[in-house]
Amino acid sequence: YLEKVRQLERDNAELETKIREFSQCQEPLVCPDYQSYFRTIEELQQKILCTKSENVRLVTQIDNAKLAADDFRIKFESEHALRQLVEADMCGMHKLLDDMTLAKSDLEAMSCSEELQCCQSEILELRCTVNALEVERQALHTLKDCLQNSLCESEARFGTELAQMQSLISNVEEQLSEIRADLERQNQEYQVLLDVKTRLEGEINTYRNLLESEDCKLPCNPCATPASCGTSACASRPSCAPRTSCGSGSVCGAGAGTRF
């Protein structure tokens, strides 16, 4: 029993040393580093929230750009229809101009100067109208090209920014998973060491109680007769008294000075 107790006490002392070394090595990671991990997690969560809000803002901007593109497309279609109408009007004007040219020829032949002047004035007005419509058509065509280029650039830029934000969110989530896994592993190792320490302390206490009960059963003087154990000499022997604790986690006698 004594050898077993001493061996357990030595094992307990070694385990205490290992736990103390582990606690000293891990204390900056267990208490302060947990807090730093929590702060890091909170910062990363804030970054994730900011990134998500930024993502939502970008999606909103993309939706707005799509709506603007739809508006531009509708406007382009309406302008294109207007252009077709103008072109149709121009065709009609050309036909009318041809008719006017024929009428002019006729007027220059049947010889009515007043009607000829009126027709010439109408021809000039029609030509001015045709020129104005042609200028408007070219301006609308230029506007359509500019709007298409702006739409393509906006879609490319927003697509690139969205891809970058998605990549940043993925990296942050991977870092959070690694931090959580590291914290769980350290907690498991620390719990295993505490369980081993608790079991060893229980076994040592059991053996100590057994030894104390056996010490009280031993004779006061091994060399004296059994009847002499009832004398005052037996009562004065300190070893017959129960062992007392020298302090928290230590025992006087065998293995004294060992802390649990």
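The legends below describe close-up views of salt bridges in a predicted model.

**View 1. The salt bridge between Glu54 and Arg57 in helix α2.** The side chains of Glu54 and Arg57 come together in a salt bridge, with a nitrogen-to-oxygen distance of 2.0 Å. Both residues belong to helix α2, which spans residues 32–109, and they are three residues apart, or about one turn of the helix. Glu54 is partly exposed, because its relative accessibility is 24%, and Arg57 also counts as partly exposed, with a relative accessibility of 39%.

**View 2. The salt bridge between Glu134 and Arg137 in helix α3.** Here the side chains of Arg137 and Glu134 form a salt bridge in which nitrogen and oxygen are 2.3 Å apart. Helix α3, covering residues 113–217, holds both Arg137 and Glu134, which are separated by three residues, about one helical turn. Glu134 has a relative accessibility of 22% and is therefore classed as partly exposed.

**View 3. The salt bridge between Asp182 and Arg185, and the network around this pair.** The side chains of Asp182 and Arg185 meet in a salt bridge at a nitrogen-to-oxygen distance of 2.6 Å. Asp182 and Arg185 are three residues apart in helix α3, so about one helical turn separates them. With a relative accessible area of 22%, Asp182 is partly exposed, and Arg185, at 41% relative accessibility, likewise counts as partly exposed. Salt bridges with shared partners link Asp182, Arg185 and Glu189 into one network.

For context, the count of salt bridges in the model comes to six, among them the pairs Glu54 with Arg57, Arg137 with Glu134, and Asp182 with Arg185.

Terms used. Residues numbered from 1 in each chain as written. Predicted model: local features only at pLDDT ≥ 70, side-chain atom pairs only at ≥ 80, totals over all residues. Heavy atoms only, no water. Salt bridge = Lys/Arg side-chain N within 4 Å of Asp/Glu carboxyl O. Helix = DSSP H or I, 4+ residues; strand = E, 2+ residues; numbered from the N terminus. Buried < 20%, exposed > 50% of the residue type's maximum accessible area, 1.4 Å probe, protein only.
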